[in-house]
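Colleague: I am new to this structure and would be grateful for a guided reading. Please give a general picture and then take a close look at a single part, the pairing of charged side chains.

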Amino acid sequence: MTDTRTEAGAQPQRDRPGAPVGFVRTVRSELLKMWTLQTTRRLYWAALIIAAFIAVLLCFTIGPTTGVGLQDRAPEDIVSTSLLGTDAAALVLMLTAAGTVGSEYATGMMRTTLTVTPRRTRFLLAKAVTVLLSTLAVGLLAGLVSVLAGQAVLLAVGLPLVDADLEMVRMAVGAATIAPFYAVFATAFSFVFRNTAGGVTAAVVLLFVPTVVGWLPEWFQANVLPFTPGESIHILAGLTPPDSVSYVHPLIAGGTLLAWSAAALAVAAVVLERRDV
């Protein structure tokens with residue numbers, strides 16, 4: 001009799017009717033929800049196509065627009081130019097991520113979702129993890145596609161290919177972090193504003209903060225710019241020279257991105273817990 005009670009008591013909580021859904025199951029559910037949407041899959045493909053297109057366009061036009069042709073460029077300049085395709089892909093992924101939240105608010109599905117998953121902060125974190133994993137995978141592919149597109153341009157104009165080394169790999173991987181960071185940020189503020197446009201707008205504003213700070217006196221560039229997400233991503237990618245006034249150790253840059261992400265999710269969690277839906 002004791003053994004029977006023990007076995008029944010040891011039954012996983014998720015199998016009992018009415019038991020709260022666990023975090024792993026919530027992540028799986030959100031991943032399934034995201035990847036089964038045809039619109040999401042199309043936007044991910046569009047991100048890769050746009051990355052390749054922008055990389056080709058910028059590499060082909062770099063001579064007329066800057067006065068220095070591909071043949072006179074350092075290998076890292078060519079790679080960094082082609083990796084701007086990753087930035088374009090990140091905008092698409094940002095919109096896609098914010099749309100996964102905005103669409104639930106627009107259709108009223110958010111109320112059902114929060115009923116099934118009453119622990120709202122858990123649901124928010126599961127959504128963030130889902131967006132992080134998905135956009136990181138697509139972002140890395142976009143980085144690879146952008147670099148390959150730049151190499152294709154070199155072949156087309158009869159120039160030698162850029163040899164891959166650790167520095168080039170760092171540039172590609174570092175540039176790819178732009179997609180998951182801004183996608184998670186847009187997701188968080190889509191919860192705050194309860195629509196896609198609010199999340200995307202918040203992320204775009206943050207995206208342009210380094211540009212605005214760069215217009216300010218050198219004190220701001222030395223003490224503020226290093227702690228903006230855009231500059232942190234450049235540092236991780238090795239695009240900011242060590243002798244620059246805005247350079248900090250890559251570990252600090254990585255910590256800066258984590259801090260911005262945590263702050264955005266904290267704001268979203270507070271808002272989500274305090275209002276009805």
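Modeller: The protein exposes about 14,300 Å² of surface, and carbon and sulfur atoms supply 67% of that area. The model is a predicted one, and its mean pLDDT is 86, with 92% of the residues reaching 70 or more. Residues 1-19 are a stretch where the pLDDT is below 50, and beyond near neighbours in sequence this stretch makes five contacts in the model. Where pLDDT is low, the predicted coordinates should not be read in detail.

The general picture is one of helices: the protein has 14 of them and zero strands. Its C-alpha trace spans about 80 × 40 × 40 Å along the principal axes. Of the 277 residues, 42% count as buried. Among contacts between residues at least 6 apart in sequence, 74% join residues at least 24 apart.

I now turn to the part you asked about. Side chains of opposite charge can pair when their charged atoms come close. In this protein the count of salt bridges comes to five, and I shall follow some of them in detail.

A suitable starting point is Glu30, which forms a salt bridge with Lys33, the closest N and O atoms lying 2.9 Å apart. Both residues belong to helix 2 (residues 23-35), and because they are three residues apart there, about one helical turn separates them. An α-helix has 3.6 residues a turn, so residues three or four places apart point the same way. The two partners differ in their surroundings: Lys33 is partly exposed, with a relative accessible area of 28%, whereas Glu30 is buried, because its relative accessible area is 3% and the limit for a buried residue is under 20%.

Glu30 also forms a salt bridge with Lys127, and here the closest N and O atoms are 2.7 Å apart. This pair links distant parts of the chain, since Glu30 lies in helix 2 and Lys127 in helix 7, 97 residues apart. Lys127 counts as buried, at 1% relative accessibility.

Lys127 in turn meets the side chain of Glu104 in a salt bridge, at 3.3 Å from N to O. Again distant parts of the chain are linked, with Glu104 in helix 5 and Lys127 in helix 7, 23 residues apart. Glu104 counts as buried as well, at 5% relative accessibility. Through shared partners, these salt bridges join Glu30, Lys33, Glu104 and Lys127 into one network.

Helices 5 and 7 return in the setting of helix 14. Helix 14 covers residues 250-274, and its 25 residues, at 1.5 Å a residue, should span 36 Å; its end C-alpha atoms are 36 Å apart, which agrees with that expectation. Its buried residues are Ala253, Thr256, Leu257, Ser261, Ala264, Leu265, Ala268, Ala269 and Leu272. What covers them includes helix 5 (84-107), helix 6 (109-116), helix 7 (120-156), helix 9 (178-193) and helix 13 (229-236).

Thr256 may serve as an example from this list. Thr256 has a relative accessible area of 7% and is therefore buried. Apart from its neighbours within four places in sequence, Thr256 is in contact with Pro226, Phe227, Thr228 and Ser232.

Helix 7 also takes part in a feature of the surface. Leu136, Leu140, Val169 and Val173 form a nonpolar patch there, with about 300 Å² of accessible area together. Helix 7 and helix 8 (166-176) each supply at least two residues of this patch. Leu140, one of its members, is found in helix 7 and is partly exposed, with a relative accessible area of 40%.

One backbone detail completes the reading. Arg194 is found in the loop between helix 9 and helix 10 (196-207). The phi angle of Arg194 is near 60 degrees, a positive value in a residue other than glycine. At 42% relative accessibility, Arg194 counts as partly exposed.

To return to your request, the network of salt bridges joins Glu30, Lys33, Glu104 and Lys127, and the pair of Glu30 and Lys127 ties helix 2 to helix 7.

Notes:
Residues numbered from 1 in each chain as written. Heavy atoms only, no water. Helix = DSSP H or I, 4+ residues; strand = E, 2+ residues; numbered from the N terminus. Expected span 1.5 Å × (residues − 1). Buried < 20%, exposed > 50% of the residue type's maximum accessible area, 1.4 Å probe, protein only. Contact = heavy atoms within 4.5 Å. Patch = residues over 30% accessible without salt bridge, like charges linked within 9 Å, V, L, I, M, F, W, Y side chains within 5 Å. Areas by Shrake-Rupley, 256 points an atom, 1.4 Å probe, with all protein chains shown as cover. Salt bridge = Lys/Arg side-chain N within 4 Å of Asp/Glu carboxyl O. pLDDT = per-residue confidence, 0-100.
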